[in-house]
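Trainee: Could you walk me through this one? I'd like to go from the ligand outwards.

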Amino acid sequence: SLSREHCNLKYSDILPHNAEGYPATREFLMKVVDILLDFIKSTNDRNAKILDFHHPSEMMRLLDLEIPDTGLTLQQLLIDCSTTLKYQVKTGHPHFFNQLSCGLDLVSMAGEWLTATANTNMFTYEIAPVFILMEHVVLQKMRELIGWSGGDSILAPGGSISNLYAFLAARHKMFPAYKERGLAAIGGQLVMFTSDQCHYSVKSCAAVCGLGTDNCVMVPSDERGRMIPSKLEELILERKAKGHIPFFVNATAGTTVIGAFDPISEIADICQRHQLWLHIDAAWGGGLLLSRKYRHPRMTGIERADSVTWNPHKLMGALLQCSTIHFKEDGLLISCNQMSAEYLFMTDKLYDVKYDTGDKVIQCGRHNDIFKLWLQWRAKGTEGFEKHMDRLMELSEYMVRRIKQMPDKYYLILEPEMVNVCFWYLPTRVRNMPHTQERIKIIADICPILKGRMMQAGTLMVGYQPDDRRPNFFRNIISSAAVTEADVDFLLAEMDRLGHDL
Ligand SMILES: O=C(O)c1cc(=O)cc(C(=O)O)o1
């Protein structure tokens, strides 16, 4: 807690309100940092719980969230910070396998601290000169890793918006007059294509941009979750025969649930034949571009795409949020989205206004999501990221081997292409049953119960979900740099400890 002389102070006693308030300001902030360091320590403590679960009504009783009429003391704010983190899920805990974005990279986090302190907007070079230049350097490096020279990129507030920017640029490329004249400039029904395993944000583009989801054609995938190219071509021809206008194909590099990779080269051939825009949603799989061992065959042909979404906040472990969208052709983003707001994007500035990015996006204000990635890349080097990707894949391969060593307790649903390990847990009572639909129903129905036990125990978090071809199953994601083989062993033992009697 704060020293006696400062513990009754309020926000008005520290900077900027009190010009003499630096000592109190410093002490308050250092106490906040102590609270954060305690959280970081327990996040990395395998004996600490990942979460202290309470249902929302109970949680409200445990918290004091009310908005006061008069301001509270700095001391109370410190208590508020501690209580907040006490009930926050530790997504950086080595036993947190729940999402595609896991882990707490501390250099990236330090970057986020600086970002918050710099508190600037990314729409103009004028107020973010260093960060704008960092975007140029990092995004160019990422385009080189895709296999392009030139082109253009931007950071977006998440993969869904990155995919939307690709859609908008594709439509603008084919129908530039749409920007001024709207649908009248198109004179026909636009149609887009994506696999039935794609991220829902792709389908959402059809709704948001007025195609209607009926005109987002879901292409069947094979038993490994990969888009079937011949089906894609069939469906394109079918729509053309109806007089529709196919214009956009999304291929997924790393699907959300099973981590499948669509066959890019074959899909690119079809797009070339039919003059369609090829977007690759590599939000999840993009990190593997950094790995010479795993890039091929998963990402072979990615350089043939017209646009690529790649989220460093997923496999690369940059802190949330860090999503990038890359275009092979330079100039498209700006011509598509430019509104030339004269109060921001004056063209008579003293510097080269091509460094102003605000007019490239449909947003105005844009958060600085680059520094935490740039600093992390400075810390790891490209070779450090490659080692990181290879390590995550190696740990997933280890988990598959361990699951195969205990076929009585675990049923591997399919061989993973990346770090998504999909399986059923087998409680004692089904271990002598044949793997029939009857058994599948039982082991699917226990997923939410076993997940509930994990969360009540607070010792483990592994995601489950149904997909389009099977009921609930567990999907384990190894995307945190904190995970070791021992943590995989813990996961398999803990699920059995919690679930054997289900
Ligand atoms: O960034 C993430 O952690 C993330 C994004 C998704 O769209 C889906 C998931 C997921 O299914 O875990 O995670």
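Mentor: Sure, one term to begin with: a polar contact is a pair of N or O atoms within 3.5 Å; within protein, one must be able to donate a hydrogen and the other to accept it, and residues adjacent in sequence count only if both atoms are side-chain atoms. This is a predicted model, where local features need pLDDT of at least 70, side-chain atom pairs count only at pLDDT 80 or more, and totals for chains, interfaces and linings use all residues. Residues are numbered from 1 along each chain as its sequence is written, and side-chain values use heavy atoms, with hydrogens and water left out.

Trainee: Which side chain has an N or O atom 2.7 Å from an oxygen atom of the ligand?

Mentor: Look at the polar side-chain atoms facing ligand oxygens. Lys 314 has one at 3.3 Å, and Ser 101 has one at 2.8 Å. The 2.7 Å pair belongs to Gln 99.

Trainee: How much of the ligand's area does the protein bury?

Mentor: Areas here are Shrake-Rupley values with a 1.4 Å probe. After the contact of Ser 101 at 2.8 Å, take the ligand alone: it exposes 330 Å², and the protein buries 74% of that.

Trainee: Which residues of H10 are buried?

Mentor: Buried means under 20% relative accessible area, exposed over 50%, and partly exposed in between (1.4 Å probe, protein chains only). Helices are DSSP runs of H or I with at least four residues, strands are E runs of at least two, and both are numbered from the N terminus. For H10, residues 264–274, the buried set is Ile 264, Ile 267, Ala 268, Ile 270, Cys 271 and His 274.

Trainee: Why do they line one face of the helix?

Mentor: An α-helix has 3.6 residues a turn, so residues three or four places apart point the same way. The arc is taken over directions from the helix axis to the C-beta atoms. Exposed Gln 272 and Arg 273 sit on the face turned away from the buried side. The buried residues of H10 line one face because they fall within an arc of 160 degrees.

Trainee: Is Ser 153 buried or exposed?

Mentor: Ser 153 sits in strand S2, residues 152–156. Its side chain makes polar contacts with the side chains of Arg 143 at 2.6 Å and His 326 at 2.7 Å. With a relative accessibility of 4%, Ser 153 counts as buried.
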